[in-house]
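Hi there,

Here is the structure I promised to pass on to you. My notes on what turned up follow right after it, so feel free to read them with the model open.

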Amino acid sequence: MGTGTGSRLRALADYDVLALSALIWFLAKFLRYAFPPLFPTFRDAFGVSNATLGLAFAAMMAVYAAMQFPSGALADRVGARAVIVAGASVAGAGALVLAVPLEAPWALPGIVAGMLLVGLGTGVHKTVAVRLLAREYPARTGRALGVLDTLGAVSGVAAPNAVVLVTGATLAGALATVLDPGRAAALAAAVDWRTLFLAGAVAAGVLAALFARRVPATTAPGDRPGDAAGGGVGRYLALFRDPAFAAFVAVTVCFSFAYNGAVAFLPSYLVAAGGLPEATASVLYSGLFVVSLVQLATGDLSDRVGRLPVIGATLALGTLGLVLLLTVSGVVAAGAAVVVFGLGCHGFRPVRGAYLSAVIPESSAGGGLGVVRTLLMGAGALSPAVVGWVADAVGFRAAFALLAAAMVAAVAGTGVVAVADG
């Protein structure tokens with residue numbers, strides 16, 4: 001029995017790299033997804049506009065996008081373990097900055113500084129973790145990456161509900177079930193949104209320490225040493241000479257612009273344009289991520305019927321969800337629209353990756369995908385600033401109509417890709 005127990009423990013230890021990588025990714029996305037539900041609170045507390053909040057969120061995502069190539073190159077030199085530990089530590093430092101209460105006029109600059117540190121720290125993780133997991137689990141890479149992405153998507157459910165818990169009256173009621181009402185009320189009064197980031201800072205420190213201890217340095221270097229040594233950027237830009245590839249990149253840029261703009265301001269949109277309470281909007285926002293498991297089904301379906309048909313169908317579904325958001329009212333109808341939008345968007349993302357992996361030559365796979373990811377993230381980073389500006393100028397419905405137009409362009413672009421591919 002002792003031998004069997006030891007074997008099971010060793011088997012579990014084989015998944016340390018996956019478990020810790022996925023937990024750090026969950027925390028990274030949790031910290032980012034916590035901001036949109038807090039925007040109304042920030043507006044009231046600091047007297048800032050939607051444009052300012054959108055610009056801050058866009059800056060955070062721009063820093064995140066800018067770290068893709070540097071983090072990969074640095075991992076080739078010093079190892080993935082060192083880069084991931086450093087990233088988690090920087091993200092934790094950003095969360096700690098957000099947890100510190102500052103007085104005016106430093107309160108808003110402190111929040112922006114914390115957001116930028118979160119973007120910097122979380123930006124190094126995904127690219128490096130994917131390469132690390134592919135090396136560590138060569139026979140189970142798809143399963144490992146599925147766990148990574150799924151746990152990251154779950155953070156989109158957890159974050160808005162955590163915001164509701166620490167900013168509403170729910171916490172006092174929950175504590176009253178185990179404490180006397182006076183102590184429960186006093187403890188709940190001491191908790192606010194900064195407590196959420198304090199917990200995030202502690203979790204980041206613990207995960208960074210565990211990763212440094214449990215992940216061996218021997219698994220750290222890049223997948224194929226020397227692959228990135230030659231060719232230069234021109235080698236990857238040459239991929240855009242293929243009309244089908246260039247058109248598909250345009251499709252994904254339009255999608256990223258629409259999706260990231262919606263993710264950044266969906267709670268605010270539901271409050272301002274839908275007339276819903278902030279707590280209800282946050283709960284509906286979490287529904288966008290509850291449906292993320294659809295990516296397992298669409299990825300399998302694309303292997304059976306082809307990638308472009310599934311891409312077209314999922315993009316059309318996401319477009320329908322945004323259009324419904326522009327026209328419906330009431331909690332049930334708004335929730336249904338959010339679910340439809342989420343099904344389409346989450347369903348599209350794994351098939352996008354499969355298509356890109358198929359069309360990018362193996363000799364240019366790493367850098368080519370890196371170029372595309374940078375463009376997508378750049379568009380996604382710009383979107384919140386544009387949405388915030390349009391919302392302040394002419395209203396949230398007009399801003400979300402712009403996002404719907406981008407999704408329509410993505411659907412149309414898929415047809416162009418099909419013609420160019422044919």
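**Helix packing and a few residues**

Helix 14 and helix 20 cross in a left-handed sense. By class, the contact between these two helices is made up of 25 nonpolar, four polar and two charged residues. Helix 14 covers residues 243-272 and helix 20 covers residues 396-421, and their axes are 8 Å apart at an angle of about 160°. An angle over 145 degrees counts as roughly antiparallel, and helix 14 and helix 20 are therefore roughly antiparallel to each other.

Before going further, please keep in mind that this is a predicted model.

**The overall picture**

The protein has 20 helices and zero strands. It has 422 residues, of which 47% count as buried. If we take the contacts with a separation of 6 or more, 83% of them come from residues 24 or more positions apart.

**Two more helix pairs**

Helix 4 (residues 50-66) and helix 7 (residues 107-123) have axes that come within 7 Å and cross at roughly 25°. That makes helix 4 roughly parallel to helix 7, since angles under 35 degrees are classed that way. The crossing of helix 4 with helix 7 is right-handed. On the helix 4 side, the residues in the contact are T52, A56, F57, A59, M60, V63 and Y64. Across from them, helix 7 brings L108, V112, M115, L116, V118, G119, L120, T122 and G123. Sorted by class, the residues of this contact are twelve nonpolar, four polar and no charged.

How do helix 3 and helix 12 cross, and at roughly what angle? Helix 3 (residues 35-46) and helix 12 (residues 193-214) cross at roughly 135°, and their axes come within 11 Å. That makes helix 3 oblique to helix 12. In this contact, F35, L38, T41, F42 and F46 of helix 3 meet W193, R194 and F197 of helix 12. The residues here divide into six nonpolar, one polar and one charged.

R194 also turns up in another pairing. V100, in the loop between helix 6 and helix 7, has its C-alpha 7.2 Å from that of R194, although the two are 94 residues apart in sequence. V100 is partly exposed, at 39% relative accessibility.

**Inside two of the helices**

Helix 6 spans residues 80-99, which is 20 residues, and reaches 29 Å from its first C-alpha to its last. That is close to the 28 Å expected at 1.5 Å a residue. The buried residues in helix 6 are A80, V83, I84, V85, G87, A88, A91, G92, G94, A95, L98 and A99.

Helix 15 spans residues 278-290 and has 13 residues. From first C-alpha to last, helix 15 reaches 19 Å, close to the 18 Å expected at 1.5 Å a residue. Buried residues in helix 15 are A281, S282, L284, Y285, S286, G287, L288 and F289. T280 is also in helix 15, but T280 counts as partly exposed at 24% relative accessibility. The C-alpha atoms of T280 and L270 are separated by 8.8 Å, with the two residues ten apart along the chain.

**D149 and K126**

I would also point you to a pair of charged residues that touch each other. D149 lies in helix 9 (residues 141-167), while K126 is found in helix 8 (residues 125-136).

Which of the two is buried, and which is partly exposed? K126 has a relative accessible area of 14% and is buried, because the cut-off for buried is under 20%. D149, with a relative accessible area of 28%, is partly exposed.

Leaving aside residues up to four places away in sequence, D149 touches W25, K126 and Q295. With its own neighbours within four places left out, K126 is in contact with W25, Y64, L148, D149 and R373. W25 therefore appears in both sets, touching D149 as well as K126. Y64, a contact of K126, is also one of the helix 4 residues that meet helix 7. D149 has a distant partner in sequence too: P350 is 201 residues away along the chain, yet the two are 9.5 Å apart in space, C-alpha to C-alpha.

Enjoy looking through it, and do write back with any questions.

Best wishes

Conventions:
Residues are numbered from 1 along each chain as its sequence is written. This is a predicted model: local features need pLDDT of at least 70, side-chain atom pairs count only at pLDDT 80 or more; totals for chains, interfaces and linings use all residues. Side-chain values use heavy atoms; hydrogens and water are left out. Axes are lines fitted to C-alpha atoms, for helices over the stretch in contact, and angles run from 0 to 180 degrees between N-to-C directions. Helices (H or I, at least four residues) and strands (E, at least two) are DSSP runs, numbered from the N terminus. Angles under 35 degrees count as roughly parallel, over 145 as roughly antiparallel, 65 to 115 as roughly perpendicular and the rest as oblique. A crossing is left-handed if the near helix is turned anticlockwise from the far one by less than a right angle, and right-handed if clockwise. Contact means heavy atoms within 4.5 Å. Ala, Val, Leu, Ile, Met, Phe, Trp, Tyr, Cys and Pro count as nonpolar, Asp, Glu, Lys and Arg as charged, and the others, Gly among them, as polar. The expected span of a helix is 1.5 Å times one less than its number of residues. Buried means under 20% relative accessible area, exposed over 50%, partly exposed in between (1.4 Å probe, protein chains only).
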